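Colleague: I'd like a close look at one part of this model, the place where the two chains meet. Could you walk me through that, and set the scene a little before you start?

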Amino acid sequence: MRARHGLFLGALLLLAGLVIVGLRELLPSYASYAGNIQPLRIIPSLTGGPEYCLTCHQGVEEISSAHPVEVFGCVTCHGGEPLSLDPDKAHQGLIGGRNPSDFAVVEQACGGSDCHSGSPENQRDHIARALTSIQSTYAGAIAQVRFAFGAQPDQVAYYGIQAARDVEVITDTGLLKLEAFDPVLLQDPEPVQSFAERCLTCHLYAEPILEMGYHRLTGCSACHSPSNLTGTYVGEDPTIAREESGHAAQHRLTIAIAYTQCNACHNRGNYNLVDMAFRPREDLPEGRSAPRLDEYYQPIAQFSLCEWELDCVDCHTRMEGMGDGDLHSNKSEIQYVQCKTCHGTLEQPPLTSIISDPNDLAFRLAFLNPVIELQAGDTILVTEKGEPLWNVVRGEDGGFILVGKETGIAYDLPLVVGSDCEQKLDEQESRYCHACHAVERP
Amino acid sequence: MIKRPNFFYHLHPPTIPAEQARFRYTLGLGGLAVFLFTVVLITGALLLFYYVPSAKEANASIQILTYYVPLGWLVRNLHYWGTQALVVVTILHLLRVALTGGFRAPRRFNWLLGLGLLLLILGLDFTGYVLRWDVEVGWALLVGTNLLKEIPVIGQGLYRLAVGGVEIGDGTVLRFFGWHVFGLLLPATFFFGWHLFRVRRDGGISSPKPKPGKALERIRREILVRREVIAALIASGVLLLLATFFNPGLGTALDLAQQMGEVRAPWFFLWVQELLRWGDPLWMGVLVPMGMMILIAVLPYLFDRGEEGGRWFPQDGRFAQALVLGLIFVLSLLTLIGALR
């Protein structure tokens, strides 16, 4: 009798084991994301190796037209385990977690001579320029604060967030090196120490302030993967929790960067140098987006209509934003686009260039952001440093048309030449234009 | 017509002493070891269909097996849990035999065979662990094989024999694969058979000498087999549950040029890792463990005297019991310290 009970219980346990095995086999864990149990495979042409990431991440947006998924796949940039269908295992060895463009890992994820660590001549040295840009080094702010509190005799930058060296200085203001601004090692005055402890959040290495309106990622994605006000994901990847902040709005890299993305850092407030604390702007409505004009310009700012209506990137160039490859002491050394860059002066129309080479940077950028269809032989504007303003092209009537990079809206571009402008010929900086052309706040 | 026993019955003696056939005496450990060895052998054979013994593909082939082969995960998980259980069961079996005085003559030689089996099982477990070829096994492989070099005179030769070259490289996977599925498995299977044969040859399970005029109560093998079936059913159920709910680890593929993972031996060698923290690798990594094994090996020859048998903790085997328990306690303590680090 006892033996029969034993046999029965043993058989029952075995049966229970078999049932659970069957359930696991028929309902794999990824089915909860994918909705089906068929793994989804891609074999990107760049690696030739199978990847199953899309089994769970099916629906995720293609990162950009320059990185088609059938060519790059996922692992080339993100790392991880392409064969795994187990979430923990699949995410082992991810480069930079969610964000492979974080500067700690960007060289590994996005670098390489065929990718974004190419030569300056080919305009493919994105990483090198971004790492030395003033937005990454924060050298300007550090130099200004140290100078203000007597820690250094001039306003030249000696320190950056990370130590950096430049082997080839190409501008008059370029620096050979920056040391790492490590507050512990410094013998700086107390206010500078406080600044170092509390105020080093406005650079591309730093995590953002985790509040409404400040959300952005780090590294390249701080600008190129726009976040929304709440830092939540609104794309089609079913694995990302909709209420979780810390994400870009979509899985997207873009050069169509709206002013709102710039505003995640700029125009949101200031660091108070008395108590070294961040003071958010008080004129913005709490917890929600303000009208564009209010958000764009602080109350004391002067601005013209085009500055109000256009996005920052419609005029400001990639060198201004991402740097020119040199280490600089101040934003003013790198920011050079003025009203006259597009509008010209009474004496001189804006600089132009006829694009004919298929490898011309203008074509490459227009491919990435096809708001305008450039043709060989088109005349576009260029800056005094030779950067293409590829979204400003001569129209059939001979006038220039600017197309908003983010909005796609076309504007006629008025030139100063032939106009009634009364400005003195030797006063052509933007601030002089604002004297007449600034618009009133409604 | 005489009813002849079938193959499975025939593997058992017609009758065995009732008292020693009880679970509370054997704990079913020997039989469980046979069952687990069979499970590991079958699942191992199935793994051969998918495992690719090359540094480049080993890790990926395990992933393909785990995620894309129907029930592939089950095969791998059963192989893993079967092996872990086999190590535990083998050690407990050794302990049971030591604590019941079952190692005395005429079973002294079988004690040695059993010990040899334990060493082979540990070797199989270690080589199998390395075959994962992920970052987790990197340090264990490096430290474990470097110990061989510490052995005077023959160390370098042994090392080359073990890893398949002057240093660990891409060929090491194939070498370990060779050791795992042939070099160690063949003698282990042979020893297994020999060990079982010697159980029968030495008079079956150890039992007390019958008192004059009173025969030992015995049970028929049909009852024994039925008990074995129950034990196998329960063990199967437990293994299936373990295999379903707990996946063995599998880290990123090992790249010998890159930084390796945590410095941690597999659990059954944590005690050696602890010893190594205390001193010279030759002493702590080779001579001390070897001394312990020799001590266990000569146990039946040191403590052969005694009449009592067939029951737990016989009085005339106290020294041997204390020695083995002390040794197991030290090893467990070292393992625990290593695990908690």
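To begin with, what percentage of the residues in chain A are buried?

Modeller: Buried residues make up 43% of the 442 residues in chain A. Keep in mind that this is a predicted model. While we're on chain A, it has 19 helices and 10 strands, and its C-alpha atoms fill a box of roughly 110 × 60 × 50 Å along the principal axes. If you take the contacts in chain A with a separation of 6 or more, 53% of them link residues that are 24 or more positions apart.

Now for the part you asked about. On the chain B side, 29 residues are in contact with 22 residues of chain A. How big is that in terms of area? The size of an interface is often given as the accessible area lost when the parts come together. Here, the area buried between chain B and chain A is about 2,200 Å², and carbon and sulfur atoms give 69% of it. Three residues in chain B lose the most area to chain A: B:Tyr67, B:Tyr68 and B:Leu233. Together they account for 27% of what the chain B side buries.

What about charges and polar groups? Across the interface of chain B and chain A, the rule finds 0 salt bridges. Polar contacts do turn up, though: 11 residue pairs between chain B and chain A are in polar contact. As for where the touching residues sit, α4 (58-68), α5 (72-99) and α11 (221-245) of chain B each supply at least two residues of the side that touches chain A. The largest share comes from α11(B), with 13 residues. Sort that side of chain B by class and you get 19 nonpolar, 9 polar and 1 charged residues.

So where do the salt bridges turn up? Over all chains the count comes to 16, and a few are worth finding on your screen. In chain B, B:Asp134 and B:Arg132 meet in a salt bridge, at 2.9 Å from N to O, and both B:Asp134 and B:Arg132 are buried. Next, look at B:Arg264 and B:Glu262, whose side chains form a salt bridge at 3.7 Å, N to O. B:Arg264 is partly exposed because its relative accessible area is 25%, and B:Glu262 counts as partly exposed at 47%. There is also a network in this chain: B:Glu19, B:Arg22 and B:Arg24 are joined by salt bridges that share partners.

Over in chain A, A:Lys177 forms a salt bridge with A:Glu179, with the closest N and O atoms 3.2 Å apart. A:Lys177 is partly exposed at 39% relative accessible area, and A:Glu179 is partly exposed too, at 33%.

One last stop is a sheet in chain A. Three strands form an open sheet there, in the order β1-β3-β2, with mixed pairing. β1 (159-160) and β2 (164-165) of chain A stand at the edges, each with a single partner strand, so one side of each has no neighbour in the sheet. β2(A) pairs with β3 (residues 177-180) of chain A in the antiparallel sense, over 2 bridges. If you want a residue pair to click on, try A:Ala164, whose bridge partner in β3(A) is A:Leu178.

Notes: Residues are numbered from 1 along each chain as its sequence is written. Chains are lettered from A and ligands numbered from 1 in the order in which they are written. This is a predicted model: local features need pLDDT of at least 70, side-chain atom pairs count only at pLDDT 80 or more; totals for chains, interfaces and linings use all residues. Side-chain values use heavy atoms; hydrogens and water are left out. Contact means heavy atoms within 4.5 Å. Buried area is the accessible area (1.4 Å probe) that two parts lose on being put together, summed over both. A salt bridge is a side-chain nitrogen of Lys or Arg within 4 Å of a carboxyl oxygen of Asp or Glu. A polar contact is a pair of N or O atoms within 3.5 Å; within protein, one must be able to donate a hydrogen and the other to accept it, and residues adjacent in sequence count only if both atoms are side-chain atoms. Helices (H or I, at least four residues) and strands (E, at least two) are DSSP runs, numbered from the N terminus. Ala, Val, Leu, Ile, Met, Phe, Trp, Tyr, Cys and Pro count as nonpolar, Asp, Glu, Lys and Arg as charged, and the others, Gly among them, as polar. Buried means under 20% relative accessible area, exposed over 50%, partly exposed in between (1.4 Å probe, protein chains only). Two strands pair if DSSP finds at least two bridges between them.
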